[in-house]
Amino acid sequence: MKMIIAIVQDKDANKLGGKFVKANVRATRLATSGGFLRSGNTTFMIGVEDDRVQEVLDLIEETSHTRKQFMTPAVSLDVAMESTAATPMEVQVGGSTVFVQDIEQFHRF
């Protein structure tokens, strides 16, 4: 048995959750935040048999996409004011971060 921990951007979470339901994949969904832009994420914790790991990874990969987004960098007070005019810059966000771990024991009560 494996534990898959998948961190996806909130924009992809509902669609991915729906795919898990259709594929009969039980997942616990947690609201999380963090990353470069401190944006909202969703973390799925999924316990699956070893032979279903690739199926779950495929669902995550086909659903969670990277996007380009504009952000304004933080203004530094150590620099002269004329050089601190915050110019928006384009950054890549989204996608997913996935961890797969061995599970020693699993219980459902």
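Select strand 3 first: it contributes four residues to the lining of the largest pocket, the largest share. The model is predicted, so local features need pLDDT of at least 70 and side-chain atom pairs pLDDT 80 or more, while totals for chains, interfaces and linings use all residues. Residues are numbered from 1 along each chain, and side-chain values use heavy atoms, without hydrogens or water.

Next, display the full lining, 16 residues, with Arg 26, Ile 46, Gly 47, Phe 106 and Arg 108 nearest the pocket centre. Strand 2 (27-34) and strand 3 (39-48) are the elements that give two or more residues to this lining. Strands are DSSP runs of E, at least two residues, and helices runs of H or I, at least four. A pocket is an open set of points on a 1 Å grid, where a 1.4 Å probe fits, with protein on both sides within 12 Å along at least five of seven lines; lining residues have an atom within 4 Å of a point.

Now select helix 1 (residues 10-22) and helix 2 (residues 53-63), whose axes, fitted to C-alpha atoms over the stretch in contact, lie 10 Å apart at an angle of about 150°. Helix 1 is therefore roughly antiparallel to helix 2 (angles over 145 degrees). To view the contact (heavy atoms within 4.5 Å), show Asp 12, Lys 15, Leu 16, Lys 19 and Phe 20 of helix 1 against Val 56, Leu 59, Ile 60, Glu 62 and Thr 63 of helix 2.

Terms used
Axes fitted to C-alpha atoms, helices over the stretch in contact; angles between N-to-C directions. Parallel < 35°, antiparallel > 145°, perpendicular 65-115°, else oblique.
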